[in-house]
Amino acid sequence: MSRTYDVIVVGAGSVGIPAAWAMARSGLKVLVLDRFASPGQGSNKSAIGGIRATHSEPAKIRIGLRSLEIASTWEETYGDDIEWSTGGYSFVAVSPREEKILKDLLAVQQASGLDIAWYDADGLLRIVPALNREGLIGGTYSPGDGHCSPLLFCHAIYDRARTAGAEFRFHEAVTGIDARGGRVRGLTTDKATYAAQIVLNAGGGWASEIGAMVGLDHPVQPDSHEGGITEPVAPFLGPMVVDISPAPGSANYYFFQHATGQVVFCITPRPVIPGFDRDATSGFLPMVSRRMVRLMPRLANLRVRRTWRGLYPMSPDGAPIVGWARETEGYLMAIGLCGQGFMLGPGLGELLDRVVRDDLTDEDRSILDELSPYRPFEGQAALK
Ligand SMILES: Cc1cc2nc3c(=O)[nH]c(=O)nc-3n(C[C@H](O)[C@H](O)[C@H](O)COP(=O)(O)OP(=O)(O)OC[C@H]3O[C@@H](n4cnc5c(N)ncnc54)[C@H](O)[C@@H]3O)c2cc1C
């Protein structure tokens, strides 16, 4: 068996799998390696499944629009049910602080051509009738956004990638990258050695460990976030509801009702919980459920079936880090996806394929400028 590839992707997650699929479709010989037992066992399986284009930074908007197109047309194009629902996203304002943040962002989003509008409390209640009228100022609604099952979508893309010729090896940890003479020549795992002139780091929360293998110090730090899922109930909620108001212990939370009836939710802890801990806590559920029931009182009667904890691979400014290393020829990064790797992965995968084949459009070039590993990392992406 040949152990020489055009591209080796480190990480079979939200980014690595779609990237491998796009590259294999283009005729490249691709190997994907992951230390876990099957696809999506890093952060991908922790995502609750939201996919939106309504960001505020042009690069994320463009990539998000393409991901939305791929996800929302998946079933009619490829036949797999990924439990997609075009339910939209609604960011709610329960204090003047959120109203200002959301209205300021709206101006940028509408200028970028996104389908999003502001609704006062009565208008928003017509879209999300279950919201608590008390204290609600209003919010935004973007009807074209949606959600699907991270497990089903990840596996559907994985199946396509394999059909297109990408090879996957699981239970195999990358332990070293051969970059003698300043150029990638291959890599070593705990099981074998492979040759390739291009290595893509799609290592999620573990991306910095991979960077260290070529002597680079990537500014990506994982932190822990928790999610949960309830029993299924009759449909009552269309959009993903996002509440960005801070409260003791958390910066924001978001939830939606899945196509199969369950309410899926997660919270962003404050202070941040840095590190690789993926063990669920007992503190998360009481904290998030209090917040959710205050915003949507009818949730009080729902029983929670399961909670979990996963990692956001955070970059310093909240935007992904994408591009070639200047120091090591053939070393490509798609890291620091923060809380948006699931929604950006499919569009980003296609972009990475064009990067590898040096077939960039003008729009690609401006996206890559914005996400450059060598940008100054000043400021903070909104809604990261
Ligand atoms: C509770 C929660 C809810 C979330 N909800 C959403 C959401 O609704 N929408 C959204 O877009 N995002 C969401 N996210 C964020 C999303 O899960 C991440 O941004 C995304 O999964 C990151 O993708 P990735 O490909 O960079 O990393 P991963 O999916 O983690 O993939 C990286 C892979 O690299 C592998 N790897 C790393 N190092 C090595 C090595 N040395 N050798 C072999 N393999 C290696 C890992 O095993 C892993 O499988 C959520 C996250 C959490 C925790």
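Which residues does Ile-51 touch, not counting residues up to four places away in sequence? Ile-51 touches Ser-67, Leu-68, Ala-71, Trp-84, Tyr-89, Asp-145, Gly-146, His-147, Cys-148, Phe-153, Phe-342 and Met-343, where contact means heavy atoms within 4.5 Å. This is a predicted model, in which local features need pLDDT of at least 70 and side-chain atom pairs count only at pLDDT 80 or more, while totals for chains, interfaces and linings use all residues. Residues are numbered from 1 along each chain as its sequence is written, and side-chain values use heavy atoms, with hydrogens and water left out.

**Nonpolar cores**

- The largest nonpolar core (buried Ala, Val, Leu, Ile, Met, Phe, Trp, Tyr and Cys residues joined through side-chain atoms within 4.5 Å) has 74 residues.
- Those touching the most other members are Met-23, Ile-51, Phe-153, Phe-168, Leu-200, Leu-348 and Leu-352.
- Helix α9 (residues 341-356) supplies the largest share of this core, eight residues; helices (H or I, at least four residues) and strands (E, at least two) are DSSP runs, numbered from the N terminus.
- Another core lies apart from it and has 24 residues, including Ala-121, Leu-136, Met-292 and Leu-299.

**Strand β18**

- Five of the five residues of β18 (residues 331-335) are buried (under 20% relative accessible area, 1.4 Å probe, protein chains only), so the strand is largely enclosed by the rest of the structure.
- Tyr-331, Met-333 and Ile-335 point one way from β18, and Leu-332 and Ala-334 the other way.

**Strand pairing** 

- β18 pairs (at least two DSSP bridges) with β11 (residues 193-201) in the parallel sense over three bridges, and Asn-201 stands opposite Met-333.
- β17 (residues 321-324) and β18 pair in the antiparallel sense over four bridges, with Met-333 as the bridge partner of Gly-323.
- Six residues lie between the strands in the hairpin of β17 and β18, where Gly-330 takes a positive phi near 90°.

Note on methods: Buried < 20%, exposed > 50% of the residue type's maximum accessible area, 1.4 Å probe, protein only.
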